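Open the model in your viewer and keep the selection panel at hand. This tour goes stop by stop.

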Amino acid sequence: MELKAETSNFSQSRKLFLYILKIFIIWRGTLLLMHLIGLSFSQMNESSSPQEPFWHWFPDNHYLDSFFRFDSSWYNEIIQGGYSYNPEKQSNVAFFPLYPILVKAIASLTSLSVPISGFFLSNLCLILALFFVYKISNIYLNKRGREKVLILMLVFPTSFFYSCFYTESLYLLTTAACFYFFLNKKYFWSGFFGFFASLTRVT
């Protein structure tokens, strides 16, 4: 009986993972299409002012560059040279360490570049986060409701940031896992993921 239960749980988890992977691929494909259409109708501003030009990781590729803007430069600075503080201007100490640590680890282990490692990490975290969000909604909603939760999360306009060189998807993963294990009274794992959530961003 226990073997059958374990096999059934594995089969359900596999189906859920494949479903999440399917909607993730559809979401990414749709974003890619909309992104390319948007770029064809817009002009890229090269600087916010002559004194403070925009930071670009891929200045010759506007599509890739759009995933690595603004705060991405701070995380890159932490990865490349660690933390530094200058009271006379903005400093990278405002940004928490878990994301740059993981990106640097992936880059070191795989020989991938830093931006590609970060892009991979953000998207992987999103897939895993969707798994936990679905599991949480399973406690409160029927199957149709659970599927709506994931779809609505992804079609919301700012879901674009889950794929960027930011902490959004990592934070979503750690907090969703924290709440999932808490609701299932597995307090060690809840605390484990809560601890890492606190290393992700000031929120």
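Which residues form a nonpolar patch on the surface? Select Ile139, Tyr140, Leu141, Phe179, Phe182, Leu183 and Tyr187. Together they have about 740 Å² of accessible area. Two elements, H5 and H7, each give two or more residues to this patch. H7 gives the most, with three residues.

Stay on the patch and pick Leu141. Leu141 sits in the loop between H5 and H6. Its relative accessible area is 37%, so Leu141 counts as partly exposed.

**Colour by confidence**

This is a predicted model, so switch to pLDDT colouring before going further. The mean pLDDT of the protein chain is 86. Of its residues, 89% reach 70 or more. Now select residues 2-6. Here pLDDT stays under 50. For residues 2-6 the model has zero contacts beyond four places in sequence.

**Into the core**

Hide the surface and go inside. Select Leu126, Leu150 and Phe165. Within the largest nonpolar core, these three have the most contacts. That core has 49 residues. Next, show the helices that supply at least two residues each: H1 (2-41), H3 (72-81), H4 (98-110), H5 (114-140), H6 (143-155) and H7 (168-183). Which helix provides the largest share of this core? Colour H5: eleven core residues come from this helix.

**A polar residue on H5**

Stay on helix H5 and select Asn123. Is Asn123 buried or exposed? Asn123 has a relative accessible area of 8%, which is under the 20% cut-off, so Asn123 is buried. Now display its neighbours, leaving out residues up to four places away in sequence. Asn123 touches Phe24, Trp27 and Arg28. Tyr162 and Ser163 are also among the residues that Asn123 touches.

**Salt bridges**

How many salt bridges does a search of the whole structure find? The search finds three. Visit them in sequence order.

*Stop one: Asp65 and Arg69.* Show both side chains. They meet in a salt bridge, 2.8 Å from N to O. Check the accessibility of each partner. Asp65 is buried, at 0% relative accessible area. Arg69 stands at 10%, so Arg69 counts as buried too.

*Stop two: Lys143 and Glu147.* Select this pair in helix H6. The closest N and O atoms of the salt bridge are 2.5 Å apart. Why are Lys143 and Glu147 separated by about one helical turn? They are four residues apart in helix H6, and that spacing is the reason. Glu147 is partly exposed, with a relative accessible area of 22%.

*Stop three: Glu168 and Arg201.* Zoom to these side chains. They meet in a salt bridge, 3.3 Å from N to O. This pair links distant parts of the chain, 33 residues apart. Glu168 is in helix H7, while Arg201 lies in the segment after helix H8 (187-197). Both partners are partly exposed: Glu168 has a relative accessible area of 25%, and Arg201 has 24%.

**Last look**

Bring the surface back and keep H5 and H7 coloured. Both helices supply residues to the largest nonpolar core, and both contribute to the nonpolar patch. Finish at the far end of H7's salt bridge, where Arg201 meets Glu168.

Terms used. Residues are numbered from 1 along each chain as its sequence is written. This is a predicted model: local features need pLDDT of at least 70, side-chain atom pairs count only at pLDDT 80 or more; totals for chains, interfaces and linings use all residues. Side-chain values use heavy atoms; hydrogens and water are left out. A nonpolar core is a set of buried Ala, Val, Leu, Ile, Met, Phe, Trp, Tyr and Cys residues joined through side-chain atoms within 4.5 Å. Buried means under 20% relative accessible area, exposed over 50%, partly exposed in between (1.4 Å probe, protein chains only). Patches are made of residues with over 30% relative accessible area and no salt bridge: like charges are joined within 9 Å, nonpolar side chains (Val, Leu, Ile, Met, Phe, Trp, Tyr) within 5 Å. Accessible areas come from the Shrake-Rupley method with a 1.4 Å probe; for residues, only the protein chains shown count as cover. A salt bridge is a side-chain nitrogen of Lys or Arg within 4 Å of a carboxyl oxygen of Asp or Glu. pLDDT is the predictor's confidence in each residue, from 0 to 100. Contact means heavy atoms within 4.5 Å.
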